[in-house]
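Colleague: I am new to this structure. Please take a close look at one part for me, the interior, and go through it in one piece.

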Amino acid sequence: MTGQSLGLALSVFLACAVEAVEALTIVLAMGLTRGWRSSLAGMGAALMLLTALVAALGPTLLSVPLDVLRLVVGGLLLVFGLQWLSKAILRAAGLKARHDEAEAFTRETSAARAHAMARRDSQLDGYAFTVAFKGVLLEGLEVVFVVLTFGANQHHVGLAAASAGAALALVTVVGMAARAPLARVPENAMKFGVGVMLTAFGVFWSTEGAGASWPGDDAALLVLIPATLIAGLGIAWVLRERAAARYEPSPALHEPPPAPVAPLLDAPAPRRHAEQTPRGNVERGVRGVWGFFVGKDWRAALGVLLALSLSSLLAGADVAAWWPVPLAVLALLSRPLLRRA
C-alpha cells in the first residue's frame with residue numbers, strides 16, 4: 001500500500017468513525033428507551049438506502065475525467081474539510097462548546113421517554129424507527145460523501161468503502177457491547193485530525209484539478225498535512241491565549257473577572273421552522289443541500305472558488321499555480337483572529 005493509499009484509508013476510517021459514533025448514540029438512545037426492534041429496523045433501512053447510493057454513484061464518478069473530478073470533488077471536499085477544521089479550532093480554543101456524546105445520549109433518551117408510547121410490543125414503534133432512520137441516514141450521507149470523494153479521486157472506491165466499513169463495524173460492535181454512548185472516545189480530537197486530513201487532501205486534489213502541479217508531486221502531501229495541523233493548532237493557541245488575556249483581572253482591581261461567556265460563538269439562536277407545506281418542504285430541502293455542501297458560512301466556499309479560479313488562470317499562463325489555495329485556506333482559518341482583533 002502506497003503512502004497516499006494509506007492516507008486515504010486512514011482519513012476515511014477516522015471520518016467515518018466520528019459519524020458512526022454520533023449515529024450510534026441516537027440508535028442506542030432509542031433502543032434502550034423504546035425497544036431494540038424498531039430502532040434496529042430504522043438503522044437497517046437507512047443502511048440499505050446508503051448502500052444503494054454508493055452502488056449507484058460509485059461507477060458514475062469513476063467514468064468522469066480525473067482532472068474534472070479532482071477539481072469539482074476536491075473543491076467540495078476542501079469546503080467540507082474547512083467546516084470540520086474551523087469548528088475544531090474553535091473548540092480547541094474554548095470558543096465553541098465541545099461535543100459531548102454522553103449529553104447527546106441523555107438528550108435523545110429524555111426525548112424518547114417524553115414521547116407517548118401508544119403501541120404494543122408486537123408492533124413497530126414509528127417514533128423509534130423514524131428517529132433512528134433519520135439519525136443514521138443523515139450521518140451516513142456524510143460517510144457516503146467521504147467514501148465517494150476520497151475513493152473516486154484516487155480511483156480506489158473499494159479501499160475507501162472497506163475503510164468506512166471497518167470503522168462502522170468497529171464502532172457498532174464496541175457500542176452495542178457496551179450499550180452506552182461512546183463518551184470516552186476522544187471525538188473532538190478525532191474531529192480535529194479529520195479536519196486536517198480532509199483539508200489537506202482537498203487542497204492537494206482541487207489544486208491539481210485546476211491544472212497546477214505540486215512541487216514533489218505526491219510528496220507534497222507530506223508537507224501539506226503537517227503544515228495544516230501546525231496552522232490549526234497555532235491559530236487555536238493564539239485564540240485561547242487572547243481569550244484568557246481578555247478576562248485577566250486588572251492589577252488595580254481585586255474583583256473576580258466576569259464569567260467568560262462572550263467567547264462562546266455557537267450560542268443557539270432561535271430557529272425558524274418552515275411551515276409544513278409543500279413549499280416549506282422544498283425550502284427545507286434546499287437549505288439542507290446548501291448546508292451540506294456549503295455550510296453555514298458561504299464565505300469559505302466563495303474563498304475556495306476564487307482561489308481555484310486564480311490557480312487555473314496561473315496554470316494556463318505557465319506560472320507556478322500551487323500557492324493560491326493553501327494561502328486562501330490559511331486566510332479562511334485565520335478569520336476568527338481577525339474578527340477578535
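Modeller: For sorting residues by class, Ala, Val, Leu, Ile, Met, Phe, Trp, Tyr, Cys and Pro are nonpolar, Asp, Glu, Lys and Arg are charged, and the others, Gly among them, are polar. The model is predicted, and local features need pLDDT of at least 70 and side-chain atom pairs 80 or more, while totals for chains, interfaces and linings use all residues. Numbering runs from 1 along each chain as its sequence is written, and side-chain values use heavy atoms, without hydrogens or water.

The second largest pocket (an open set of points on a 1 Å grid over the protein atoms alone, with protein on both sides within 12 Å along at least five of seven lines) has a volume of about 450 Å³, counted as the space filled by probe spheres on points joined across faces, edges and corners. It is lined by 22 residues (each with an atom within 4 Å of a point), and L47, L50, G140, V143 and L168 are the closest to its centre. Two or more lining residues come from each of α1 (3-34), α2 (36-62), α5 (126-153) and α6 (157-178); helices are DSSP runs of H or I, at least four residues long, numbered from the N terminus. The lining has 16 nonpolar, four polar and two charged residues.

There is one cavity of 30 Å³ or more, a cavity being a set of points where a 1.4 Å probe fits but cannot get out. The volume of the largest cavity is about 30 Å³. Its lining is made of A15, C16, E19, F80, W84, E142, V143 and V146, with α1, α3 (66-92) and α5 each giving two or more residues. V143 thus appears in both places: among the residues closest to the pocket centre and in the cavity lining.

As for the packing, the largest nonpolar core (buried Ala, Val, Leu, Ile, Met, Phe, Trp, Tyr and Cys joined through side-chain atoms within 4.5 Å) has 63 residues, and V12, I89, F150 and L239 have the most contacts inside it. Buried means under 20% relative accessible area with a 1.4 Å probe, protein chains only. Helices supplying at least two residues include α1, α3, α5 and α8, and the largest share, 11 residues, is from α7. Beyond its neighbours within four places in sequence, F150 is in contact (heavy atoms within 4.5 Å) with L8, S11, V12, L77, L198, F201 and W205. A second, separate core of 10 residues includes A23, A132, V144 and L148.

L239 is also one of the buried residues of α8, along with L221, L224 and I235.

Note on methods:
Buried means under 20% relative accessible area, exposed over 50%, partly exposed in between (1.4 Å probe, protein chains only).
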